[in-house]
Amino acid sequence: MTNTENDEPLAPPPLPSPPSPDEPDPPATAADAHATKILCANCGSELFGPHCYACGQPVKGMIRQLSSIVADMADTVLNIDSRIFRTLWPLMVKPGFLTNEYLAGRRVRYVTPFRLYFFLSVIAFLVMQIGLDATLDLSKGPLNISDESSISTAQTAEQVQVQRDAALAGLEQAKSAATSSAHAQRGIQKAQDKIHAEADKRLEYLKQVDAAKAAGKPAPPDPQTQKDNEDFNFEIDGSNWNPKTSPIAIGWLPGFVNARLNVLATHMVDNLPRIKKNPKPLLLGAFSTLPQVLFVVMPLFALLLKIFYIFKLCLYMEHIMVALHSHSFIFLSLLLITLAGLLAGAVNASAPWLSALLGWVIFALGWWLPIYLLIMQKRVYRQGWFMTVVKYLTIGVCYTILVSIGMVAALLISLATT
């Protein structure tokens, strides 16, 4: 600093003289008392920030003002949302961009791959399950009350009579139609006779059940259940499976696992009549297990990439990043396709042109999905087009087999647990 009058430098202020050891300490003030050391409540170390350097415990806990906790939660969510907008656009339109950015070390501006995968899988499968539920409801026709299976699965005599009378009333109305030919009349009469026979057979079985209960004996086996068991037959040591006489007993598995497999197989058999009548719970249950199945298949997809690109000398975790971004793109595409399909169905009657436009959007998204994955594989691994296409098709076939096995497993799990 200089003097404004003669531009001569100002003399620095004199330094304070150190206190003499003989002088007494100055009295403590309120500010000095406030500046005392703050110790960690967990380990007793001195705190220098929001976390203890010795044990890692944060200063902030849950025992504080609710407004402060809500503010922290909002900050976390908004921080994720701000990065979501910078992540979803390149994820959808720039194949391989996010993966190359992550591998290059430019990561903080985008949502992390695992969090992106989790976020999109939850949202996509939630919306797709709603769409599947709506589709099944729309495609399900009116209840066929003349179906004999509804009579053969009735559990009381009253249910048998109600279903029988309703089925006969519908057939009688068709029989009395003036346009019915003689051949149609004979067919309707045969259907009525069949319904009578089925109802009488079911009533006879229910009488046997009531008599067995009155005598304190076990109920006789249900003929419909026996029929379903015949449909669900597989051999164990040359004989049909039976939980008591011929159970599942795999030698290299522990006993409790074999017992669990027999319980699940029994549950499958018990579910068959209900699933035959209404497959919607089975389909929804299988669909709800698909995220877990894909989460298991995803590391196997990364292993395929590791095998096919072994000479690239990439770490397995780098292939995991490719797999996470690939699946995130698939989930985002399926989410957009499902939303476009639901919107097209909602406006089909009121705005046919918009429904047609959304149909083209779905068509474009469907074709963009495989093209995107091919371009992504080319940009990330930087090989020629010929080798990229060959590896892309081979990996695609292997992955399709893995997903198909996973879907079959999902159906079996749903049948055994629904």
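How do α10 and α13 run relative to each other, and which word describes it: parallel or antiparallel? In this predicted model, helix α10, which spans residues 280-308, packs against α13 at an angle of about 150 degrees. Angles over 145 degrees count as roughly antiparallel, and α10 and α13 are therefore roughly antiparallel to each other. Their axes lie 7 Å apart, and α10 goes past α13 in a right-handed crossing. Sorted by class, the residues in this contact come out as 22 nonpolar, five polar and one charged.

Helix α13, residues 385-417, also packs with α12, residues 352-381. Here the angle is about 125 degrees and the axes are 10 Å apart, which makes α12 oblique to α13. That label follows because 125 degrees falls outside the ranges set for roughly parallel (under 35), roughly antiparallel (over 145) and roughly perpendicular (65 to 115). The crossing of α12 past α13 is right-handed. On the α12 side, the residues involved are Pro370, Leu373, Leu374, Gln377 and Lys378. They meet Trp385, Thr388, Val389, Lys391, Tyr392 and Ile395 of α13. By class, that gives seven nonpolar, two polar and two charged residues for the contact of α12 with α13.

Stepping back to the whole chain, the protein has 13 helices and two strands. It is 418 residues long, and 31% of those residues count as buried. As for how contacts spread along the sequence, take the pairs at least 6 residues apart: 60% of these contacts join residues at least 24 apart. One pair distant in sequence is Ala265 and Leu412, which sit 147 residues apart along the chain, yet have C-alpha atoms separated by 9.5 Å. Ala265 itself belongs to helix α9, residues 255-277, and is buried, its relative accessible area being 5%.

Two further buried positions are worth a look. Thr87 is part of helix α2, which covers residues 66-93. Its relative accessibility is 0%, so Thr87 counts as buried. Leaving aside residues up to four places away in sequence, Thr87 touches Leu98, Tyr110, Val111 and Leu116. Arg164, for its part, is found in helix α6, residues 157-175. With a relative accessible area of 18%, Arg164 is buried too, because the cut-off for that class is under 20%. Beyond residues up to four places away in sequence, Arg164 is in touch with Ile151, Ile195, His196, Ala199 and Leu203.

Then there is the matter of confidence. The mean pLDDT of the protein is 78, with 75% of its residues at 70 or more. One stretch where pLDDT stays under 50 is residues 1-5, and the model gives this stretch seven contacts beyond four places in sequence. Residues 139-148 also have pLDDT below 50, and this stretch has eight contacts in the model beyond near neighbours in sequence.

Definitions and conventions:
Residues are numbered from 1 along each chain as its sequence is written. This is a predicted model: local features need pLDDT of at least 70, side-chain atom pairs count only at pLDDT 80 or more; totals for chains, interfaces and linings use all residues. Side-chain values use heavy atoms; hydrogens and water are left out. Axes are lines fitted to C-alpha atoms, for helices over the stretch in contact, and angles run from 0 to 180 degrees between N-to-C directions. Helices (H or I, at least four residues) and strands (E, at least two) are DSSP runs, numbered from the N terminus. A crossing is left-handed if the near helix is turned anticlockwise from the far one by less than a right angle, and right-handed if clockwise. Contact means heavy atoms within 4.5 Å. Ala, Val, Leu, Ile, Met, Phe, Trp, Tyr, Cys and Pro count as nonpolar, Asp, Glu, Lys and Arg as charged, and the others, Gly among them, as polar. pLDDT is the predictor's confidence in each residue, from 0 to 100. Buried means under 20% relative accessible area, exposed over 50%, partly exposed in between (1.4 Å probe, protein chains only).
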